[in-house]
Amino acid sequence: MNKIIAANWKMNPGTAAEASALAEGVLNGMTAELRKNTSVILAAPFVYLRDLAMLWERRRERHVVLAAQNMFWAEKGAYTGEISPAMLADSGIRTVIIGHSERRRYGGETDELINQKIIAAFKHKFRVILCVGEQNKDEAFEVLEQEITADLAGVGKAQLQNLMIAYEPIWAIGSGAPDTPQDSAQKMLYIRRLIAKKANAKAAFAVPVLYGGSVTEKNARDFLQEEHIDGVLVGGASLKPQSFLAIIAAGAPEALH
Ligand code: PEP
C-alpha cells in the first residue's frame, strides 16, 4: 500500500485565489514518481471545494484526492449552515474528514454526532478519515477504545474498506511537539486490535491508520518509516507547497529505505 499523505488546511488560506495557488503549487510539484508511489489527499474549506474541483477537471487531475473537512448527516432540510453528503458529492467530493478534535472542541461534536455522520458518509459511499486521539497522554488507550467503539457503532464490516483512521493526540496538534514514531506506532497497533475485535484481523490490517500532530518535513520520514503507520495527516506544514511536497517525498519508497 502506498503511504497516504493527507493535508488538512483547516480554516486556511484566506482567499479562493490563495487556495488555488496552494493547490496548484502542490499539483505542479507532483512528479510521475510521487504520483506512482504515494497517495495524496487535500482537505480544503467548503467554500473552495467547487473551484478546486473545477481546477482538477481542467488539469485532468486524477491522482491527488480532494476532501472536505466535515459534513452533516442529514440528507436535506432545516439544518442552517450545514452541508449534506449529496451537496459534497455534487461538487465532486467523495472523501471527508470526520471527528477532527477541533470540531469536537469548538463545534461541540460528540461521539454520537460523529457516528451519525460516519453512517451517513458510508451510505453515500464516501471515504472517511476518522480522527481520534487523547487530550492527556496517559489516557491514550482508554480514549481510543471509547472513541472508536462509539464512532463506529453500527458500521458494518464491508464499510470498513472506505475507512481511514487518523490517530491525532490532541496535545501534539499544532504544538511543535509530536508523539514519538515508536509510541504512535503502538497506538496504531492498538487501533488495529480494536478494528479486529469489531470485524476481523484482515479488516484491521486493511484500514489505513495515519498519524497526525506536528508532522513536518523534518520528522515525516521517521513516522512514515514505521511499518504500522500507513500515512500522515498534516495541518500547519501543508500550507506551504514546498513543505508539503517534501513530506510527500518522505513517503516515497526510495526515501524510506
Ligand atoms: C491536524 O490538525 O490535523 C494536524 C495534524 O495539525 P498540525 O499538523 O498542525 O499539528
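# Briefing: ligand site, cavity and pockets

By class, the largest cavity has a lining of four nonpolar, three polar and three charged residues. That is a good place to start on this predicted model, which holds one cavity of 30 Å³ or more. Beyond the cavity, there is a ligand with 14 residues around it, a largest pocket of about 470 Å³ and a second largest pocket of about 210 Å³. Lys10 turns up again and again: Lys10 is among the residues closest to the ligand, and Lys10 is also one of the residues nearest the centre of the largest pocket.

**The cavity**

- The largest cavity comes in at a volume of about 50 Å³.
- Its lining is made up of Gly99, Ser101, Arg104, Cys131, Val132, Gly133, Glu147, Glu168, Ile170 and Ile173.
- Two elements, helix H5 (101-106) and E5, each put at least two residues into that lining; E5 is the strand spanning 127-132.
- Glu168 is worth a second look, since Glu168 lines the cavity and is also listed among the residues closest to the ligand.

**Around the ligand**

- Of the 14 residues surrounding the ligand, the closest are Lys10, His100, Glu168, Gly174 and Ser214.
- Sorted by class, this shell holds three nonpolar, eight polar and three charged residues.
- Lys10 brings a polar side-chain atom to 2.5 Å from a ligand oxygen.
- His100 does likewise with a polar side-chain atom, at 2.8 Å from an oxygen atom of the ligand.
- With Ser214 the backbone takes part: one of its polar backbone atoms sits 2.7 Å from a ligand oxygen.
- On its own the ligand has 290 Å² of accessible area, and the protein covers 95% of that.

**The loop between E1 and H1**

- This loop runs between strand E1 (3-8) and helix H1 (16-29), and Pro13 lies in it.
- The peptide bond leading from Asn12 into Pro13 is cis, with omega near -15°.
- Lys10 belongs to the loop between E1 and H1 as well.
- Lys10 isn't a glycine, yet its phi is positive, at about 55°.
- Is Lys10 buried, partly exposed or exposed? Lys10 counts as partly exposed because its relative accessible area is 22%, and buried would mean under 20%.

**A second positive phi**

- Lys125 is another non-glycine residue with a positive phi, in this case near 65°.
- You'll find Lys125 in the loop between helix H6 (111-123) and strand E5 (127-132).
- Lys125 has a relative accessible area of 63%, so Lys125 is classed as exposed.

**The largest pocket**

- This pocket, about 470 Å³ in volume, is lined by 18 residues, with Lys10, Met11, Gln69, Asn70 and Arg103 nearest its centre.
- Helix H3 (46-59) and H5 are the elements that give two or more residues to the lining.
- H5 gives the most, with three residues.
- The lining splits by class into eight nonpolar, six polar and four charged residues.

**The second largest pocket**

- With a volume of about 210 Å³, the second largest pocket has 13 lining residues, and Trp56, Glu61, Val64, Leu66 and Gly92 lie nearest its centre.
- Here the elements giving two or more residues are H3 and strand E3 (65-67).
- Which element gives the most to this lining? H3 does, with three residues.
- Its residues divide into six nonpolar, three polar and four charged.
- H3 therefore appears in both pocket descriptions as an element giving two or more lining residues, under the element definition by DSSP runs.

**Trp73 and its loop**

- Trp73 sits in the loop between E3 and helix H4 (85-90).
- At a relative accessible area of 29%, Trp73 is partly exposed.
- Trp73 and Ser84 are 11 residues apart along the chain, and their C-alpha atoms are separated by 6.6 Å.

Note on methods. Residues numbered from 1 in each chain as written. Predicted model: local features only at pLDDT ≥ 70, side-chain atom pairs only at ≥ 80, totals over all residues. Heavy atoms only, no water. Near = heavy atom within 4 Å. Polar contact = N/O pair within 3.5 Å; in protein donor to acceptor, adjacent residues only side chain to side chain. Areas by Shrake-Rupley, 256 points an atom, 1.4 Å probe, with all protein chains shown as cover. Nonpolar A, V, L, I, M, F, W, Y, C, P; charged D, E, K, R; others polar. Helix = DSSP H or I, 4+ residues; strand = E, 2+ residues; numbered from the N terminus. Buried < 20%, exposed > 50% of the residue type's maximum accessible area, 1.4 Å probe, protein only. 1 Å grid on protein atoms, 1.4 Å probe; cavity = no way out; pocket = protein on both sides within 12 Å on 5 of 7 lines; lining within 4 Å. Points joined across faces, edges and corners; volume = space filled by probe spheres on them.
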